[in-house]
Amino acid sequence: MQVVCWLLCLSTAGALAVLQKDQVAQHAIKLYRSKGATQGHSWVASNCKRLVGLLRQKNVVVKKLAAAADAVGRDRALSEPERHFQVHTLEVFQKELNESEHLVFQAVHSLQRALQGDYRDVVNMKESSRQRLEALREAAIKEEQEYVELVAAEKHQQEAVKSALAQNKTLSMLDEILEDVRKAADRLEEEIEEHAFDNNKQMKGVNVEAVLRVEDDEENGGKRKNKSRQKEVEDDLGLSMLIDSQNNQYVLTKPRDSTMPRADHHFIKDLVSVVMLSLPCGWICTLVGLPSMFGYIICGVLLGPSGLNSIKSMVQVETLGELGVFFTLFVVGLEFSPERLRKVWKTSVQGSCYLSLLMVGGGLLWGQVLRIRPTQTVFISTCLSLSSTPLVSRFLAGGSRGDKEGDLDYSSVLLGMLVMQDVQLGLFIAVMPTLIQAQSGDLDSFLFGSLRVLYLLAQVLVSLAAVLLLCLLLKSFLIGPYYKKLHAESKGNKEILVLGMAAFVFFMLTVTEFLDVSMELGCFLAGALLSTQGHMVTGEVMGCIEPIRDFLAIIFFASIGLHVFPTFVLYELTILLVLTLTLVIMKFVMAVLVLSAILPPGSRHIRWVVSAGLAQVSEFSFVLGSRARRAGIISREVYLLVLSVTTLSLLLAPVLWRVTTHKWVPRAERRTVT
């Protein structure tokens, strides 16, 4: 009841400029009696007098601060920067007082709005909560600005005291040098500081959110002793973790003070854990006759959210693993000669397109039977039609190519189809907004989106033509002289050759990304262009790049294990096994049918091996699935099913590959699965 009285008192505080303290108190009592109150009159009168007194005292202080600011402005004894700083400091104090008064009345208006609402209307309550949240965010920004200004004022006062003391004593030569260095350091900090907070807070789409800041010692269960909070802030290197209300975790990407070197210790510890655990896991899998990549995936499972949950920088680890994909495809391109590329390009384009169409058609048929929305079935079918290029590249690594004259070898056809699927992946990511519009049911938007799909298809074809033209120009005029120069400069020092090859890979990657084509295609083409320089060049580049490729590939397969959830698989083991086996068999049968139709008669025996290489789901379904879930195309349950089926198909792929190659590939041409 006293709370209600206090709020009624606040509602009368606006009349303080006209009414006296007693009149305001009596007015509040009348309002309180009109509500049927029977007690608390003295409490209301006392607190209203106190509130009115505080507000009047605030007005007096504001006037004194304004007078002090005028006096400082007229003081000619002060320098212009000092005068401006003192006036600004007084204005900060004025702003603090006015903002405190504003918050009092804002709270009253918020209560009035809440009392007028219908508590059975959840939407109305949600809107009120959103408005309060926005007000709190704005208040937090203002308070943060005032705090920063006050910290600057404190620092300025301390410097002024030091300067006054320095004027009263004779400075040594060392002190004068240090003073000059201090001034230069201040200018440097002002020049390199970006003011990112002030520059971005007013941008469209920028939200202010509450976050938790977790220090390293607090994460480990310890407490910092014998340190004040101010000392903690001064000593902190900005490497603590931030956690928002959605349980997303963030680490520092760029510090305010760029003059101090920093390292992300979470990321370093994660890499150390992955590398150290990958060794025994890969070793054990090799001893029992399984591919070592199984061990790396198991390492990710053990360290990931479903295991020890010790990986703190998951995004950074996955990003580093993507470099493994790039260098893996570069090595594949080195082994993929232009003659083989010309031999299989038609088969690759037809095979990948026909297989995707069959998968989408089969998905729509099952969607009609199970009454699933077409947008979901199109997305899921397209997502599951893609196969893992890095995984198959590991299957094909090493060994000799069985490339007979006039015939197609299975590695050429398989890699050609996988590269074309990577191109389809880029196109599919581009048309995902159209699927989102179709999900919303907007017919006009869907028709417009269909036209947009046709436009995007034409754009991709033009981009592919531009990429091929660029490759032709590079092959004719640049690759030879570029490699000869690198080779001449790298005698006795291989780092120049390694840097030159990595720069060329990233150049092709950047070009294909700029043209809205798959980045993976650019890495593959970089290797294919270098392979035109002959076997000696290929062997030398391979010797430099393969160790880097192998290390980054370990990180990549471990990052796949981070998204494997054994508990969910165990809960739904039966249905997941049925779905995975059905999908693998269906992709295998469809690939056999497509290849039987498009392969020349003399090469149809390789359709079994190529189909086995395509009978799994690409790890990019993790990325596509997460985007589709955020966009509302698929539900959480469907996302977990796609995730689990993809993982099981990747685990089943080495077994199917080994069985198929043992049956259909001659002993002299078999590859060792690494």
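**Figure 1. Asn309 sits in the loop that links helix H11 (292–303) to helix H12 (314–334).** Like every view here, this one comes from a predicted model. Asn309 is worth a pause for its backbone: phi is positive, about 55°, even though this residue is not a glycine. As a rule, most residues other than glycine have a negative phi. How buried or exposed is Asn309? With a relative accessibility of 43%, Asn309 counts as partly exposed.

**Figure 2. The whole protein, for getting your bearings.** Before zooming in again, here is the overall picture: the protein has 26 helices and three strands. There are 674 residues in the protein, and 38% of them count as buried. Take the contacts with a separation of 6 or more: 75% of these are between residues 24 or more positions apart.

**Figure 3. Helix H10 (residues 265–287) packs against helix H21 (residues 535–561).** The axes of H10 and H21 are 10 Å apart, and the angle is about 95°. Angles from 65 to 115 degrees count as roughly perpendicular, so that is how H10 and H21 lie to each other. Which residues make the contact? On the H10 side they are Leu271, Val274, Val275 and Ser278, and on the H21 side Phe551, Ile554, Ile555 and Ala558. Sorted by class, the contact of H10 with H21 has seven nonpolar residues, one polar and no charged ones.

**Figure 4. Helix H24 (residues 607–614) packs against helix H26 (residues 636–664).** For this pair the angle is about 175°, and the axes are 9 Å apart. An angle over 145 degrees counts as roughly antiparallel, so H24 and H26 are roughly antiparallel to each other. From H24, look for Trp608, Val609, Ala612 and Gly613; they meet Leu656, Trp657, Thr660, Thr661 and Trp664 in H26. By class, this contact between H24 and H26 has six nonpolar and three polar residues, with no charged ones.

**Figure 5. Ser649 is a buried residue in helix H26.** The relative accessible area of Ser649 is just 1%. What does Ser649 touch, leaving aside its neighbours within four places in sequence? The answer is Thr580, Val584, Gln616 and Val617.

**Figure 6. Phe395, Tyr410 and Trp657 come together in one aromatic cluster.** You have already met Trp657, as one of the H26 residues in the contact with H24. Searching the whole structure turns up six aromatic pairs.

**Figure 7. Cys299 and Cys281, two cysteines without a bond between them.** How many disulfides are there in this model? The count comes to zero. For Cys299, the closest cysteine sulfur is in Cys281, 5.3 Å away, and that is too far for a bond, because a disulfide needs sulfur atoms within 2.5 Å. Cys299 is buried, at 0% relative accessibility. Another cysteine, Cys523, is also buried, with a relative accessible area of 0%.

**Figure 8. Lys64 is an exposed residue in helix H3 (residues 41–74).** Its relative accessibility is 60%. Where does Gln94 fit in? Lys64 and Gln94 are 30 residues apart in sequence, while in space their C-alpha atoms are 9.7 Å apart.

Conventions: Residues numbered from 1 in each chain as written. Predicted model: local features only at pLDDT ≥ 70, side-chain atom pairs only at ≥ 80, totals over all residues. Heavy atoms only, no water. Axes fitted to C-alpha atoms, helices over the stretch in contact; angles between N-to-C directions. Helix = DSSP H or I, 4+ residues; strand = E, 2+ residues; numbered from the N terminus. Parallel < 35°, antiparallel > 145°, perpendicular 65-115°, else oblique. Contact = heavy atoms within 4.5 Å. Nonpolar A, V, L, I, M, F, W, Y, C, P; charged D, E, K, R; others polar. Buried < 20%, exposed > 50% of the residue type's maximum accessible area, 1.4 Å probe, protein only. Phe/Tyr/Trp six-rings, centres within 6.5 Å; stacked < 30°, edge-to-face > 60°.
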